[in-house]
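This report looks at how parts of a protein model pack together. Look at the model first, then read on.

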2 protein chains.
Amino acid sequence: MTQLRLDPDTARHALSGLRPIEDDAAAVAAYAAGVWSCLVEPGDSAAGALVAQHGAAEALRIALAAAGSRDPDKALQRWAPRMVAADISAAFERAARQGVRLVTPRDPEWPGRLADLGDHAPLCLWVRSGAGETDPVPLGAAAPAVAVVGARAATGYGEAVATELSAALAGLGVTVVSGAAYGIDGAAHRAALLAGGSTTAVLAGGVERSYPAGHAAMLDRIAATGAVVSEVPCGSAPTKWRFLQRNRIIAAIADATVVVEAGWRSGSLNTASHAATLGRPLGVVPGPVTNAASAGCHRLLREGYARCVTSVDEVLELIGLHRESPGRGDDDAARPRTDDLTRVGDALSPRSWRTVDDIARRSGLAVADVEARLGVMLLGGSVDSDGRGWRLAPR
Amino acid sequence: MTQLRLDPDTARHALSGLRPIEDDAAAVAAYAAGVWSCLVEPGDSAAGALVAQHGAAEALRIALAAAGSRDPDKALQRWAPRMVAADISAAFERAARQGVRLVTPRDPEWPGRLADLGDHAPLCLWVRSGAGETDPVPLGAAAPAVAVVGARAATGYGEAVATELSAALAGLGVTVVSGAAYGIDGAAHRAALLAGGSTTAVLAGGVERSYPAGHAAMLDRIAATGAVVSEVPCGSAPTKWRFLQRNRIIAAIADATVVVEAGWRSGSLNTASHAATLGRPLGVVPGPVTNAASAGCHRLLREGYARCVTSVDEVLELIGLHRESPGRGDDDAARPRTDDLTRVGDALSPRSWRTVDDIARRSGLAVADVEARLGVMLLGGSVDSDGRGWRLAPR
């Protein structure tokens, strides 16, 4: 078994085609970050802490030494079974062949929001975007991003809402993040693509394999103008564990998460849970209570984890962006109307002239109060007087 | 103009057919309460405060004296225009002819919850129930009650949900309170009637006139087994003001209010506002965001005034009643799964036997950890071993 090596030549060779050539230290660090992604399962906080303390390269040297020396530290032992040079080379080579880039936390395009995951943050991202290293589409770390996720078993209602929200968000320059699954995820990505906007798919397995297979064409289109990303290297299968951990990246890479439809035990509740844990704004779209596909959304509302969102404006509010919202007007309807003007108005007719005494009796107000209110209404043009009586003015 | 009199004979005469005969003081007090309802517009807190301080009879004597003496106190002047003995007699006589009862805050059947309205509480209720005074159906002050209200312009979805909730509540002995309007209100009353339960309609005008007219037969059925109530006397028109004030009674007479469908400016938001002001539990049923009939419900959710309710069990929770809820199971789906068992499970095949080393490499766990997890899984019956390798056990 070939020894895993960590020198500039090995690094430059492995990174060829994966990212621009750097100085020796940067190449070794980037290579080490990629190697780490081959050794750990997603969310490995022991690796995260070690890399945070020592940097990817030095941390990897420590792990390699420990594996060789039969160090009794269990946290260091767990990576030993995967320290197989040939497997790691194969992952890098497969990525290069598929036009996949390696992006590390030191790169300007790294999404800074991922730092909120702390030691659970991914150690690198494998990225399919644009035409690979030669014409990459940067991840766009600065642009606002909203995750739109939901049930695979979505209804027509849910897909329509996901489509409408995502198209509007994408049209406003907001990156739509999702997980490329059937149902809501697919509707969200497709709408963003159709709107000519930016969309990011986060996969649980390697980015070179389209999962689900039925979304291969869609993933190609996402890669062409947006990005398909994963923290696991090419050749990795999308296991249950990786799906659950993938969800933390969706939640962390976006400024807010919106769940459009989710059954009572939907995986998108896991994404919602990550968003809530990270303190990111979480919106859910309500739906018919007669529809099990919205039961998880209503549950999040009931339990107070999420805010009810029903329009793109309400989604924008989640991330602190505001658009002028036309039409909905003032808030009077929600408040009890307690003014005497209503009572005087009730006591008036549009046809008959009525005396102040009559209006006072009908409205249950004192004569002086009625006269005062009629004066206000006359100024506003809502009543007419013939000198002796009063009636409602024609509209 | 006949002077308005307040003596035992007048009281007994006026109350004849409206309620059982009482001693002189009680008769005068009950009569005075009924007279007050003829003088004030609903929610008149000046009258409420005066009656709270002096009792209905003495308060009325004070108001009569002030009206006669040209007292400069405006609050006392406002009732003068309606102190017309003939009009008041006519209201009492009309009630007696129609089998309407007069219920006052001193009566055992008075809904004690109305006291939460303070000086805005109704001074009496005019009640159509059973066969009038001879065979009344008491208001049932002690039974739990839930208001089910919503849009007149309801959708099939909203009416279906109102029907389902109300039938279930009525079947469990909960009185369904509503406003007898078309749409949600009507669906709620009808479902309670069909379920053989108790239902109360609170009207904005006199209870002897069916409003809306198309609900005359339904109101007759409600009166036969439940109650049709109003704080305004017979002969009173349902004005806008009275509708808005009627809503405070619906909110106050029920232990909780549920809004099933409400447009952006629906009157049922006014009922919801009263419930919130009273500190009563307020539930709203979500609906499709594509449906304007749920916009008001979603607004209440967004603004944090209301709790999302999707089932009768969740409505029962609002009033502190709990039923065993079958089926929904535990809460695992909402939490990230972080245990190594998942990772070991992912690394196993149902077909191939795999070595511990292989499983360690696939799962990214140390060999010792894998062995420990496999031991647990073997005890649980989820894996098999042939002595050299491991695989997933058949289900």
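In this predicted model, A:Val259 is in contact (heavy atoms within 4.5 Å) with A:Val149, A:Ser268, A:Ala272, A:Leu282, A:Gly283, A:Val284, A:Val285, A:Cys297 and A:Leu300, leaving aside residues up to four places away in sequence. A:Val259 is also among the six residues that touch the most other members of the largest nonpolar core, which has 66 residues. Such a core is a set of buried Ala, Val, Leu, Ile, Met, Phe, Trp, Tyr and Cys residues joined through side-chain atoms within 4.5 Å, where buried means under 20% relative accessible area (1.4 Å probe, protein chains only).

Chain B has an open sheet of nine strands in the order 1-2-6-5-4-3-7-8-9, with mixed pairing. Strands are DSSP runs of E with at least two residues, helices runs of H or I with at least four, numbered from the N terminus; two strands pair if DSSP finds at least two bridges between them. The edge strands, each pairing on one side only, are these:

| Edge strand | Residues |
|---|---|
| Strand 1 of chain B | 101–103 |
| Strand 9 of chain B | 307–308 |

Strands 7 (residues 256–259) and 8 (residues 282–284) of chain B run parallel, paired over three bridges. B:Val259 has B:Val284 in strand 8 of chain B as its bridge partner.

Residues are numbered from 1 along each chain as its sequence is written, and chains are lettered from A and ligands numbered from 1 in the order in which they are written. As the model is predicted, local features need pLDDT of at least 70 and side-chain atom pairs count only at pLDDT 80 or more, while totals for chains, interfaces and linings use all residues; side-chain values use heavy atoms, without hydrogens and water.

Terms used
Buried < 20%, exposed > 50% of the residue type's maximum accessible area, 1.4 Å probe, protein only.
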